[in-house]
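The questions below ask how certain descriptions of this structure are arrived at. Each answer sets a value beside the criterion that it has to meet.

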Amino acid sequence: MRYHSTRGGDADVRLADALRRGLADDGGLYVPDRFPAADAADFAGLTGLPAIAERLLTPFFAGDVLAGELGAITGEAFDFPVPLKPLAAPDDLSVLELFHGPTAAFKDFGARFLAAALSRLHPGAERPLTILVATSGDTGGAVAGAFHGRPGTQVIVLFPKGRVSPRQEAQLTCWDGNVRALSVEGSFDDCQRLVKAAFTDPALNARFELSSANSINLGRLLPQASYYAQASLSVYRRTGQPANFVIPSGNLGNALACIWARRVGLPIGRLLLAHNRNRTVPDYFERGEWSPRASVATIASAMDVGNPSNMERLRDLVPDLAELRSFVAADWVDDAVIAARIVSDYRTYGEVWCPHTAVGAEAYQRLPERERAAGPWVLVGTAHPAKFPETVEPLLDLTVPVPPALAALLELPRRSTVIAPTEAALARALL
Ligand SMILES: *Cc1c(COP(=O)(O)O)cnc(C)c1O
């Protein structure tokens, strides 16, 4: 399998190169040259996520140096449960809980898979593989945890000082050894700018092999297709019908992974993309015009994206809006409605949603009755509510129990280095 850039300017590359580079040289995003075909029968007898992922991804790894390692990578990366929990009659609705990994959000799947793959490309390299990651919250913790303790690698996390939630900050600053946290006196945009500048700094490049692990890396996207394969097979084996998914969305990585799984031939029906007040995608579905804008802050902050980068991959795959609308819809929800949904679903189902999952729960309830009744639906739960106690606990007047893996991280001592938002300060911290 070869991969090419959505902008067509970069020569076809192998998977390992796409993983190392992240972004194509022409600024586009890597996509597979073709999609292999596999249907439910091809997965007969396979159950756990590592085995299903290996079957799904084998053609995507064909001919690559990592091909022989795929089984080891899926086994190592996906070593935590992925429950699909039935919610309530009369509708056939379940929740796919993607938040049982070490940092309690679905970013663990992609980050752990990418770390397992990249570390296999680097045994004994002279310059340590150095992952620079700018984060506004969830991504940095997942990437740091995934690379922590891996020989030949180091992770530098840049976060905006004082602008991440207390528990997010704990997950960014609790590491030692090969992970360092830099608390940047500036905004998330400053952090991103510093990371971009580092890639063109000759002194840093002489010393380290720099790489990024942001969400547009293929090595984060491909593994996410695996849980859609597993969940849709489970629904299909139970009902004989394709599964429909409600996906809380921001940068569209999670949604695109589902569309890729559907394209391969997994039993997936409709998708409902649920956004917060950052409504660029719903507006596109409604008006047919793509008009990215600045992001606005909401209580579902991991979805605060005004210019979702994976739209470039989606439009590459399905350029025709009418065709896209035939199986994908999009809706958006404001903060007050998210809060109300957290309260009402706790009463109905006894479930505590994180603010992101609640966006999906609300979008589902707004579907016309006949669509909800037309087949099995799966609500994608993207984070554990214990990551957002500031929002959730006052609404429900309760304390959300912290899952053990997250509790263990929160106990660790915090360490970070404060730096000015300048390229010189970053270089000083690294060299
Ligand atoms: C990143 C994130 C999202 C948005 O996912 P995209 O792939 O960017 O669309 C939703 N919920 C949570 C909790 C996240 O961390």
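**Two sheets, their cores and a ligand**

In this predicted model, 6 strands form an open sheet with mixed pairing, in the order 3-4-12-9-10-11.

Q: Why is one side of strand 3 and of strand 11 left without a neighbour in the sheet?
A: Strand 3 (84-86) and strand 11 (328-332) stand at the edges and have a single partner strand each, so one side of each has no neighbour in the sheet. From one strand to the next, the twist averages 25°.

Q: How do you know that strand 9 and strand 10 are paired?
A: Pairing requires at least two bridges between two strands, and 5 bridges join strand 9 (residues 243-248) to strand 10 (residues 268-275), so the two count as paired, and they run parallel. Phenylalanine 245, for instance, has leucine 271 in strand 10 as its bridge partner. Helix 11 (residues 280-287) lies across strand 10 and strand 11, and runs at about 125° to strand 11.

Q: Which residues have the most contacts inside the largest nonpolar core?
A: They are Tyr228 and Phe245, in a core of 98 residues. Helix 9 (residues 218-239) gives the largest share of this core, 10 residues. Once its neighbours within four places in sequence are left aside, tyrosine 228 is in contact with residues that include Phe245, Ile247, Ile268 and Val380. Another core, of 30 residues, lies apart from the largest one, and among its members are Ala300, Val333, Val392 and Leu410.

Q: What makes strand 8 and strand 13 the edges of their sheet?
A: The second open sheet has 5 strands in the order 8-5-6-7-13, with parallel pairing. Strand 8 (209-212) and strand 13 (417-419) each have a single partner strand, so one side of each is left without a neighbour in the sheet. Neighbouring strands here are turned by 30° against each other on average, with direction ignored.

Q: How do you know that strand 6 and strand 7 are paired?
A: The criterion is at least two bridges, and 6 bridges join strand 6 (residues 153-160) to strand 7 (residues 179-184), so the criterion is met by this parallel pair. Within the pair, valine 157 stands opposite alanine 181, and isoleucine 156 stands opposite arginine 180.

Q: Why is strand 7 described as mostly covered?
A: A residue is buried when its relative accessible area is under 20%, and 5 of the 6 residues of strand 7 are buried, so the strand is mostly covered. Helix 7 (residues 188-198) lies across strand 7 as well as strand 5 (129-134), strand 6, strand 8 and strand 13, running at about 155° to strand 5. Helix 19 (residues 423-430) lies across strand 5, strand 6, strand 7 and strand 13, and runs at about 155° to strand 7.

Q: What makes the pair formed by glycine 250 and the ligand a polar contact?
A: A polar backbone atom of glycine 250 is 2.7 Å from an oxygen atom of the ligand, and the limit for a pair of N or O atoms is 3.5 Å, so the pair qualifies. The corresponding distance is 2.8 Å for a polar backbone atom of asparagine 251, and 3.1 Å for a backbone N or O atom of glycine 253. The ligand is surrounded by 15 residues, and the closest are Lys107, Gly250, Asn251, Leu252 and Asn254.

Q: Why is leucine 252 called buried, whereas aspartate 397 is called exposed?
A: Leucine 252 has a relative accessibility of 3%, under the 20% limit, so it counts as buried. Aspartate 397, at 71%, is over the 50% limit and is therefore exposed. Leucine 252 is found in the loop between strand 9 and helix 10 (253-264), and its phi is near 70°, a positive value in a residue other than glycine. Aspartate 397 lies in the loop between helix 17 (389-396) and helix 18 (404-411), and its phi, near 55°, is positive too.

Q: Why does arginine 150 count as buried?
A: Its relative accessibility is 18%, which is under 20%, so arginine 150 is classed as buried. Arginine 150 is found in the loop between helix 5 (138-147) and strand 6, where its side chain makes a polar contact with the side chain of serine 119 at 3.1 Å. With its neighbours within four places in sequence left aside, arginine 150 is in contact with Glu76, Ala115, Ala116, Ser119 and Asn178.

Methods:
Residues numbered from 1 in each chain as written. Predicted model: local features only at pLDDT ≥ 70, side-chain atom pairs only at ≥ 80, totals over all residues. Heavy atoms only, no water. Helix = DSSP H or I, 4+ residues; strand = E, 2+ residues; numbered from the N terminus. Axes fitted to C-alpha atoms, helices over the stretch in contact; angles between N-to-C directions. Contact = heavy atoms within 4.5 Å. Core = buried A, V, L, I, M, F, W, Y, C linked by side-chain atoms within 4.5 Å. Buried < 20%, exposed > 50% of the residue type's maximum accessible area, 1.4 Å probe, protein only. Near = heavy atom within 4 Å. Polar contact = N/O pair within 3.5 Å; in protein donor to acceptor, adjacent residues only side chain to side chain.
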